[in-house]
Amino acid sequence: MVLFFNQLINGLGTGAIYALIALGYTMVYGIVKLINFAHGDIMMVGSYTAVLLMVNAGVSFPVALMGSMLICVVFGVAIERVAYKPLREAPRICSLITAIGVSYLLQNSAQLLFSANPRPFPPVFSVPPITLGGISISFVTLVTVVVSVLLMIGLNLFVMTSRTGKAMRAVSEDIGAAKLMGINVNMTISVTFAIGCALAGIGAFLYCIAYPSVAPTMGAMPGLKAFIAAVLGGIGILPGAMLGGFIMGVAESLTKGFVSTQLSDAVVYGILIIVLLFKPSGMLGRVQREKV
Amino acid sequence: MKSKLRSYIINLSATLLVYFVLSTLIGSGAINKYYASILIMIGINVIMTVSLNLTTGFLGELALGHAGFMSVGAFTAGIITKQLTASMGWDAAACLPISLLAGGILAAVMGFLIGVPALRLKGDYLAIITLGFGEIIRVIIQNMQITGGASGISRIPRINNFSITFFVMAAVIVVMFTLGRSRHGRAILSIRENAVAAESTGISVTRYKIFAFTFAAFFAGIAGGLYAHQIGRISAATFDFNKSIEYLVMVVLGGMGSITGSIIAAGVLTLLPELLRQFADYRMLLYSIMLILMMLFRPKGLMGTAEFSLTFVWDRLTGFYKRAASSKATPKPVTMPDSPTYAVKEGAPVLETRNLGIRFGGLQAAEGVNLQLFDNEIVGLIGPNGAGKTTVFNMLTGVYLPTEGDIQLLGQSIVGKKTYEIVADGVARTFQNIRLFKSMTVLENIKVAFHTRMHYSPASGIFRLPKYAREERGIEQRARELLRVFNMEESADLPADGLPYGQQRKLEICRALATSPKVLLLDEPAAGMNPIETRELMETIGLIRNRFSVAILLIEHDMKLVMGICERIYVLNYGRIIAQGTPTEIRNNPEVIRAYLGHSDGGVKKGEEGEAHGNA
């Protein structure tokens, strides 16, 4: 029972990180219908920035967080402008391939700059875990879960109530109509990328605190998992991304604890497949029928 | 010389020439072992790319798990060869055909098992589920005893060589070409172009999706088998998501839907990293930049959907066509597509609905609809916007399943049948918003529609058996005849979306007629037409009735057209039939006038008041 709860809590911690990255994925997909394969690599960029700032420049943790979020935003917006924007009218598979290209580019540039060897991430918190009747909750896990839930709620409020949020929803429904209503479409898309990438920056920090090692390809796996989480919850839907992230994290952790470490990926993909077969547009997604 | 035969000879000689040149160079050592092995890898990658192009390029569905099928093939073939040589004492070379085939078949079975559930999904969701299945295959192989767990299997007899790879590759390419040019290939293409229209033209979209998926998996399995016998040791980790992406990149760069494009891209992208070896540090960087630039400046890939034709080049060089013009063609055996005979009972309607209705959740979109359509009749179905006219069409064609009532075609109920089955039974339709197979030519659009009236099997098409040739000649003739009737013969070889608007509408009608229907449903044929085009359309509809012996039911808002050509008219409002009769009767029916112009007893006034408030 103790093992179960410990695994559950670990799972929630991992799930919260997936969820944060998934939020960025889902926002970008929602607005430009692009599977941004480079999103995980943005997280990698954020992690390297954090290491450079904290280890090499010796700045404090909050400043490093700000710095790495800023760099992520700059990268994200620049990539959108240079690589994705020209392809907005092209078939969607073209922007998908471009995103894959961008992902390779980021990974290989990082490898040239920092070598393939992983770098250690400096410890940030030194708070002992909270123990409750044999169940220990590490401070990091607690922070991760709380931060990601708060961010999701805040983001949802932003998208649902603010002026920019309304513009985002309008652009995601119909770019042409949004333009005619006087919405600055390019600006709105940039803002969306900026928010998504800022979240990736926060995600990078939380990920590195949990798994303190930074490498050029570190973004690929959590990126893919986060994307799957977004699809699982219903891509384009913010609470869906969060739900998907938690389900993935918990499923993974419980499989590792009780079945087998190797099979955890299979279980995660299995859940995805089963959910999609019964709810073809994800857990919280609505089915859209093509009008004949 | 016959043109088909000539093209076979040209391509066969070119293939053999390439083979002899390369194998002599390898044999003499001019191409060293290292480069020979790269050539073999190119061959294997060509098979992978060409087969993935079938799903992603021709069918138009993004598949992200193609490497999974390769791995199924590789492990199956590797294990079989190892077993047969070790425990049965077979000669390794003799095992190869069996192992390759077994690998292909098992991969195809996996493709089928995955395809059946997965292909219910669309677009990105389908892509993700193929990714999921690909990864599950990898994890399962990594956890099975027989496949050697995480370390995989090694010491597979390395019996693959250049000749085997080359000829298997050539065979796969030929099969892809011939399949693509058969009725089955056309069916697959039409799904990419417009799945709804394909289904309404008599093509079982689900069946062909699964067919394409299974077929592609089969070839990926064969490529996997070759790979296993080339490298000698395989582990499941090789065939991961990144491998699938690598092949997808090759397909897209070559051009989705172009086999020659796939061949070139697989060659270049396999060779490139090797050539860049001296810049080892930068090669992946260059590769990724190239990928991005290629997409930005040539989003359709190297070849788009075009094919490079050696025959065409040869003809240009030798000026063959100038001489060909004078040669006379001898008549060849032809099989015409079926023209079904419909048992029309004297005095009975060909199509009849009884109390037809449909409910979407809480909304009753149609209720108690009783329509009768007699042979050779032109009947109008009119009503204000949102009255449920297209909903009725969608029920008649099996797009929607009615929740109440019955539909009888020639005395048989067609409720519950699939759209493509109803087409085969004799009901064809056009769409409100034109749905052509845009990038296919006018002639091909029509040929697709003969699908249900043809018989030859995929094997017939792939191996170009006489049955294939006879039926294809038959529909070529029929399709051209049909175009001639509609004065569209000169446009036969133009892409459909290059036609002017009115002609596109006409082509859609033409395509519907090619399915040899008894009942033709036209959904707002005059929408968006100018008065001249509309007048021409009226003549066309009259012509169809006289020449093709069909009953026509048409939805239309253009009253001049409806009143001008319809013998009877049904008026639909709020999903119910409120009037029926001859044009004159309908024109003077007070119910109809009220439906169109609003109530005279204050209903309109109320609306106006509401609007006035809104404006204030």
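**Close-ups of a predicted two-chain model**

**View 1. Helix 2 of chain A meets helix 9 of chain A.** On one side of this contact sit His39(A), Gly40(A), Asp41(A) and Met43(A) of helix 2, and on the other Ala220(A), Pro222(A), Gly223(A), Leu224(A) and Ala226(A) of helix 9. Sorted by class, the contact has five nonpolar, three polar and one charged residues. Bear in mind for this and every other view that the model is predicted. Helix 2 (residues 39-56) and helix 9 (residues 220-233) of chain A pack with their axes 7 Å apart, at an angle of about 135°. That angle makes helix 2 of chain A oblique to helix 9 of chain A. As for handedness, the crossing of helix 2 and helix 9 of chain A is right-handed.

**View 2. Helix 3 of chain B alongside helix 5 of chain B.** Here we've moved to chain B, where the axes of helix 3 (residues 66-87) and helix 5 (residues 123-142) come within 8 Å and cross at roughly 30°. With a crossing like that, helix 3 of chain B counts as roughly parallel to helix 5 of chain B. The crossing of these two chain B helices, 3 and 5, is left-handed. Helix 3 of chain B brings Ala67(B), Gly68(B), Ser71(B), Val72(B) and Phe75(B) to the contact, while helix 5 of chain B brings Phe133(B), Gly134(B), Ile137(B), Arg138(B) and Ile141(B). Between them, the residues of this helix 3 and helix 5 contact in chain B split into six nonpolar, three polar and one charged.

**View 3. Where chain B touches chain A.** Helix 5 of chain B turns up again at the border between the chains, where 33 residues of chain B are in contact with 34 residues of chain A. On the chain B side, helix 5, helix 10 (241-254) and helix 12 (280-297) each chip in with at least two residues. Helix 5 of chain B gives the largest share of that side, eleven residues. The chain B side that touches chain A divides into 24 nonpolar, five polar and four charged residues.

**View 4. The six-stranded sheet of chain B.** This open sheet runs in the order 7-8-9-4-10-11 in chain B, and its pairing is mixed. Strand 7 (427-429) and strand 11 (576-581) of chain B are the edge strands; each has a single partner, so one side of each goes without a neighbour in the sheet. From one strand to the next, the twist averages 20°. Zoom in on strand 8 (residues 519-523) and strand 9 (residues 551-555) of chain B, and you'll find them paired in the parallel sense over five bridges. Leu521(B) has Leu553(B) of strand 9 as its bridge partner.

**View 5. Strand 5 of chain B and its partners.** Strand 1 (residues 351-360) and strand 5 (residues 404-409) of chain B run antiparallel, paired over five bridges. Look for Thr353(B) opposite Ile407(B) of strand 5. Strand 5 of chain B also pairs with strand 6 (residues 412-413) of chain B, again in the antiparallel sense, over two bridges. In this pair, Gln408(B) stands opposite Ser413(B) of strand 6. Strands 5 and 6 of chain B form a hairpin with two residues between them, and Leu410(B) in the turn has a positive phi of about 50°.

**View 6. Domain 2 of chain B and domain 3 of chain B.** Domain 2 (35-240) and domain 3 (351-426 + 516-615) are among the domains of chain B. Taken over C-alpha atoms, their centres are 48 Å apart. Six residues of domain 2 of chain B are in contact with five residues of domain 3 of chain B. The domain 2 side of this contact in chain B has one nonpolar, four polar and one charged residues.

Terms used
Residues numbered from 1 in each chain as written. Chains lettered and ligands numbered in written order. Predicted model: local features only at pLDDT ≥ 70, side-chain atom pairs only at ≥ 80, totals over all residues. Pairing = 2+ DSSP bridges. Helix = DSSP H or I, 4+ residues; strand = E, 2+ residues; numbered from the N terminus. Axes fitted to C-alpha atoms, helices over the stretch in contact; angles between N-to-C directions. Parallel < 35°, antiparallel > 145°, perpendicular 65-115°, else oblique. Left-handed = near helix turned anticlockwise from the far one by under 90°. Contact = placed C-beta atoms within 7 Å. Nonpolar A, V, L, I, M, F, W, Y, C, P; charged D, E, K, R; others polar. Domains from an automatic or database assignment.
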